[in-house]
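Here is my note for your read-through. Keep the structure open beside it and check each point by eye.

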Amino acid sequence: MQQRAPILCFGEVLWDRFPQGMLPGGAPVNVAYHLARHGNAVIPVTAVGDDELGARLMGQMNEWKLDTRFVSVVQTKPTGVVDVTLQPDGSASYHIAEDVAWDWIDTSSALLQTARDAAALCFGTLAARFDHNREKLALLLAAGENAFKAYDVNLRPPYDEHRLVWELARRADLIKLNDAELLALVGGASDDLHVLAIDFARKSNCRRVCVTAGARGAGLLADNVWHWADGRPVAARDTVGAGDAFLASLIDGMLREKDDGEALTRVLARACRVGEFVAASSGATPRYRISDDGVLLPPASDI
């Protein structure tokens, strides 16, 4: 695959604590992992604590071949941990520790310079839960004004302030959210995702709005044209990270492909396949690779 300028992923990195043990996670770093699997140069912008859990995350990101030069080590804050509770259908609920290292992300002059030449900037709602990161994210978005900006809406109570969602949405070129989040944010009498996506796009002034609907599939509203890809049945182990994998594949495809209807439908379908693969796997970052022609392949020994 042809190499592009790097993609920056701003936000949380943490440990997901499952009943069976801990796995590395955090939506932006999950997205970074999957973007790297698609052959992209990816730079996470995040922070860990000066502790064993932080050192292990740094080691994991390096093993994934992510560029960790903008992963800060915060001396006074612990590495983030999220307690994950799984339901019988594989869905999850979360208890997210506060005032942890990733709440204190740094934006150095070197990072802002890198952002000026980035292919894309990825960011989400959760990392902007407190003022410090909101300010740093604003600096990053301003520096990367020419980059493709992909925004992942993650409504995680109690960090689900609608005002913040709309504020960030107006900075994005692509917004991804799930059907429940769309209903919560737009409401109305209709449950037609196409109709709701049109309303969301109008309110956010964003040209591209993608809505995931679990096993049903996903829709993409791009320049007022609605594209849909049906889901395929899988035996879900857990759904943690499936949306992140979907988003990474979508971003990769939208950066590589022509911005036309046939290409967008193809990109959307591939993103569904990658998300389904992760839902059928354990954890958010299973091993796999993408071929040059976009086919999901078994893991290679060098991943």
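**Notes on the fold, point by point**

1. Start with Arg129. Leaving out residues up to four places away in sequence, Arg129 touches Ile96, Ala97, Glu98, Asp99, Val100, Trp102, Asp103, Arg134 and Tyr159. Keep in mind that this is a predicted model. Where does Arg129 lie? Arg129 is in the loop between strand 8 and helix 4 (131-143). Is Arg129 buried or exposed? Its relative accessible area is 8%, so Arg129 is buried; the cut-off for buried is under 20%. Look at Asp103 as well. Arg129 and Asp103 are 26 residues apart in sequence, and their C-alpha atoms are 8.0 Å apart in space.

2. Now the nine-stranded sheet. This sheet is open, its pairing is mixed, and its strand order is 5-4-1-8-9-10-11-12-13. Which strands stand at the edges? They are strand 5 (71-74) and strand 13 (225-230). Each has a single partner strand, so one side of each has no neighbour in the sheet. From one strand to the next, the twist averages 15°.

3. Strand 1 (residues 7-10) deserves its own point. Both of its faces are covered. Ile7 and Cys9 are buried on one side, and Leu8 and Phe10 are buried on the other. Strand 1 runs parallel to strand 4, and four bridges join the two. In that pairing, Phe10 stands opposite Val45 of strand 4. Strand 1 also pairs with strand 8 in the parallel sense, over three bridges. There, Leu8 stands opposite Leu121 of strand 8.

4. Compare strand 11 (residues 208-212) and strand 12 (residues 217-222). These two run antiparallel and are joined by five bridges. Val211 stands opposite Gly219 in strand 12. Next come two helices on the strands. Helix 2 (residues 52-63) packs on the sheet and touches strand 4 (42-49) and strand 5. The direction of helix 2 makes about 170° with that of strand 4. Helix 5 (residues 162-169) lies across strand 8 (120-124), strand 9 (148-152) and strand 10 (174-178). Helix 5 runs at about 165° to strand 9.

5. There is also a four-stranded sheet. It is open, with mixed pairing and the order 3-2-6-7. Strand 3 (21-25) and strand 7 (92-96) are at the edges. Each of them has a single partner strand, so one side of each is left without a neighbour in the sheet. Here the twist averages 30° from one strand to the next. Strand 2 (residues 14-18) and strand 3 run antiparallel, with five bridges between them. Leu14 stands opposite Gly25 in strand 3.

6. Turn to a helix pair. The axes of helix 1 (residues 27-37) and helix 8 (residues 242-256) come within 8 Å and cross at roughly 50°. Helix 1 and helix 8 are therefore oblique to each other. The crossing is right-handed. Which residues make the contact? Helix 1 gives Ala27, Asn30, Val31, His34 and Leu35. Helix 8 gives Asp244, Ala245, Leu247, Ala248, Ile251 and Asp252. By class, seven of these residues are nonpolar, two are polar and two are charged.

7. Check Glu276 in helix 9 (residues 261-279). Its relative accessibility is 13%, so Glu276 counts as buried. Apart from neighbours within four places in sequence, Glu276 is in contact with Gly231, Arg232 and Val234.

8. Finish with the backbone. Most residues other than glycine have a negative phi, and most peptide bonds are trans. Three places deserve a check on that score. The peptide bond from Pro157 to Pro158 is cis, with omega near 5°. Pro158 is in the loop between strand 9 and helix 5. Lys65 has a positive phi, near 65°. Lys65 sits in the loop between helix 2 and strand 5, and it is exposed at 58% relative accessible area. Asn205 has a positive phi too, near 55°. The loop between helix 7 (193-204) and strand 11 holds Asn205, which counts as exposed at 69% relative accessibility.

Note on methods. Residues numbered from 1 in each chain as written. Predicted model: local features only at pLDDT ≥ 70, side-chain atom pairs only at ≥ 80, totals over all residues. Heavy atoms only, no water. Pairing = 2+ DSSP bridges. Axes fitted to C-alpha atoms, helices over the stretch in contact; angles between N-to-C directions. Contact = heavy atoms within 4.5 Å. Parallel < 35°, antiparallel > 145°, perpendicular 65-115°, else oblique. Left-handed = near helix turned anticlockwise from the far one by under 90°. Nonpolar A, V, L, I, M, F, W, Y, C, P; charged D, E, K, R; others polar. Buried < 20%, exposed > 50% of the residue type's maximum accessible area, 1.4 Å probe, protein only.
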